[in-house]
Amino acid sequence: MDTIKQFASEFFVTGDPLILGAQVSIGLTMVAIVFVLSYFRKWGWLWREWLTTVDHKRIGIMYVICSILMLFRGGVDALLMRTQLALPGMEFLHADHYNQIFTTHGVIMILFMAMPLMFGLFNIVIPLQIGARDVAFPFLNSLSFWLFFWGAMLFNMSFVIGGSPDAGWLAYPPLSGLEGSPGVGQNFYIWGIQISGIGSLMTGINFIVTILKMRAPGMGLMKMPMFTWSTLASCLTIILAFPILTITLFLLFMDRYFGAHFFTLDAGGNPMMYINLIWMWGHPEVYIVILPAFGIFSEIVSTFAKKTLFGYKSMVFALMSISIASFFTWAHHFFTMGSGANVNAFFAVTTMIIAIPTGVKIFNWLFTMYRGRIKFTTPMMWTISFIPCFVVGGMTGVMLSVAPADFQFHNSYFLIAHFHQVLIGGVAFGFFAGLTYWWPKMFGFKLHEGLGKWAFWLWNIGFYVCFMPQYFLGLDGMTRRMYTYDFDMGWGPLNLVSTVGGFLMGIGFLFQVWQIAHSIKFMQKDTTGDPWDGRTLEWSIPSPAPLYNFATVPTVSETDDWWATKQRRAAGVPDAPAPALEPIHMPKHSGIPFVMSFFWFVAGFGFVFDWLHFVIPGLAGVAICMLVRSFQYDTDYYIPVDEVRRTEAALRGGKA
Amino acid sequence: MAATHTHGAHHEHADHGHHDQEGLKMFGFWLFLITDVIMFATLFATYVVLRNNTAGGPTGEELFNIPIVIASTFILLTSSFTSGLAVLSMQQGRLKGLIGWLAVTAVLGAAFIGLELYEFVHMVHEGATLQTSAFLSAFFTLVGAHGLHVTIGLVWMIGLMLQLRRRGITPVTERKVNVLSLYWHFLDAVWIFLFTVVYLMGVM
């Protein structure tokens, strides 16, 4: 009995009322989920329709749901930090707890919120936009999702089991080494990110092949929609950057687990090597998440200004040059670490160069709006508000890239304000815009516009109230990662204002949740499949799209092909006769991705606690799943013509 | 990319909108190899940065047994050649030759792993372990990562031989053999870099 008690007190995090509250609520939520699923007899449905699905649209929806939950968790972290900093000398969080919270806030927002929301949009939109029936590797796609899911679960568990990592979101050694972080928190960091990172890498490969090889006939590269281009750019960056992360985390694991000396201070280790490596991934990573947002803005601007995108070719060029240049800027993250003047100068210039293609894009969006008939829908409002926000964020970025000035700004609140400005104003606003824009395609109804606008204004006003004061706090000398400060520093008033802004954004999030709930309850079915009067192929099919997406594969002749089709129809030109239906080739559902990822989770959990009785069965399970899959040959089937005809007739109300 | 075209072309079916699955998988595997190249590049970069940080422990010059490394290099290069012979047999439609050459390749691969393990055990006995210095951490990790790849390739090869016996040469097994041989050649190329950067430059 005593051994159990002692084990439990080491295993579970105890002694903090906040964490106790979280443990109770997690326990109750799990009981509630099990109860609801059992009561309504939904276990079989959950397994057949969702856990084993290889349908890209459903995988996309699961990504979106997870990322909204993670936005909640990361947001609560943010509000806890802002509460602690609201007044001088606050005693709301302990220093240790504060360190854990800023670490998990950063990791969750970038890797478990922004990345899955982005992958969710890729999954939902890309095949539809290029006229394909699925992604190139549907099985792999499902595996990617479940690896992300179980990796995220592992990371989130650290909050109540064993303790969270507290060495910052990029876990610099020697602080993240065994001596600096002796607990299990850092192990959760390594394995949570490692497992989901493998999934991200595979998503990158999957979408490159999908985009390059599965476009509808006639869609040349220079006729691709801009979101597809931005996805391609982002995925190319993923496959070049994520392997570096995999190895970097692996080496940190070698240090912590096997006593290697890659990044230790003794026996010849070199912590700077880690910092170089992690930023060789970390800097491209911010472009990985923002490039798709640029694609989303391009789609939305041309849809709601009713104009072809201005400067298509320069947009493509800008996307590609940003994804290449992102690999030559990593050292600007440590200008103050003594790399020398020449190195600093090189990285200062390469960083500034990125402002040029970004400026090109901003002007393209503005010129697209110029003399357009703009409709102020919520997606369009997110897009318009993004432009000034990103211009300010970009300019403060250029200020940071001036190496001598950076010695003043480095690790200060100026930096915090800058990257939140580009990541919230660019990435989060962009993904919200995209989610609202493609929501009717996912579910067949629009989100409530009024509540969406409330959420929009609360987020926007909250954003400026929160982060503008931080620029000044940074210039006044407040550094990041500080958990409290004295009254006589004079930082109190600006911090209080900033906290108010943080809570305004929190209320904005509540409005978004309300918006979704309200829209589900009072949904008005969209029967057209094209509620925004869209321009690209995804709007040419019913919403939500049938399993096979396109009954007959479309032939593309122009950049905004669906728009051109509608123009032709309006001018009275009849459509080309549709080709006859054929049986459609589809992949079979499979439970292997879910099971295999779960084994990864088991192995990861074993590595965290150094429990070989978890590690060995976990890794063996992974290997067995791979072999079983390799021996499966009967992995697809054909949907017969009759069934396609019936589905189409039902979807189009008998018109087909 | 060349392989995608040559192998994709002759079993492309003409049904509209149904993509050539095997060709897609071949292309996907090329992209995977790019990611693996970057992983090895990262390990190489780490090794090059840390290779003089011996922290008073043994250096490469003292540890490396060049005759053994040359022997294992020849074994691995030969196995790459025999895996090519396997593909050649497959293209001539000779199943027995295909499985036979794959078996020879697997035996050579296993011999390579055996020599590597012998080298590692020998070094550990001399007191040169992963924990001794940053140089040795980087050495064992880089060489071990290659060895792990070869081991995975061996398991894969055995599984594929079983599938070939059961199913013969079909478009699916043909693509699987092509992918495996691509992977095997890739490991060979990585070894040549390893041999040069780690062993030759280590004793020079």
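**Confidence, spans and cavities**

Visitor: What does pLDDT say about residues 1-17 of chain B, and how many contacts beyond four places in sequence does the model have for them?

Guide: Over residues 1-17 of chain B, pLDDT (the predictor's confidence in each residue, from 0 to 100) stays under 50, and the model has 22 contacts, meaning heavy atoms within 4.5 Å, beyond four places in sequence for this stretch. Where pLDDT is low, the predicted coordinates should not be read in detail. For chain B as a whole the mean pLDDT is 88, with 91% of its residues reaching 70 or more, and the model scores ipTM 0.91 and pTM 0.93.

This is a predicted model, in which local features need pLDDT of at least 70 and side-chain atom pairs count only at pLDDT 80 or more, while totals for chains, interfaces and linings use all residues. Residues are numbered from 1 along each chain as its sequence is written, chains are lettered from A and ligands numbered from 1 in the order in which they are written, and side-chain values use heavy atoms, leaving out hydrogens and water.

Visitor: How do you know which residues of chain B are covered by "transmembrane region"?

Guide: That comes from an unreviewed UniProt entry, whose annotation covers residues 27-48, 68-88, 95-115, 135-162 and 182-202 of chain B; such annotations may be inferred rather than shown by experiment. In the model, residues 68-88 of chain B are 100% helix (DSSP runs of H or I, at least four residues), with end C-alpha atoms 30 Å apart, and residues 182-202 of chain B are also 100% helix, with end C-alpha atoms 29 Å apart.

Visitor: Why is a space in this structure called a cavity?

Guide: A set of points on a 1 Å grid over the protein atoms alone is called a cavity because a 1.4 Å probe fits there but cannot get out, and a search of the whole structure finds eight cavities of 30 Å³ or more. The largest holds about 210 Å³, and of its 18 lining residues (an atom within 4 Å of a point) the closest to its centre are A:F432, A:L435, A:Q512, A:Q515 and A:I516.

Visitor: Which helix gives the most to the lining of the largest cavity, and what makes up that lining by class?

Guide: α17(A) gives the most, with five residues. The lining has 12 nonpolar, six polar and no charged residues, so none of it is Asp, Glu, Lys or Arg, the residues that count as charged.

Key
Helices (H or I, at least four residues) and strands (E, at least two) are DSSP runs, numbered from the N terminus. On a 1 Å grid over the protein atoms alone, a cavity is a set of points where a 1.4 Å probe fits but cannot get out, and a pocket is an open set with protein on both sides within 12 Å along at least five of seven lines; lining residues have an atom within 4 Å of a point. Grid points are joined across faces, edges and corners, and a volume is the space filled by probe spheres set on the points.
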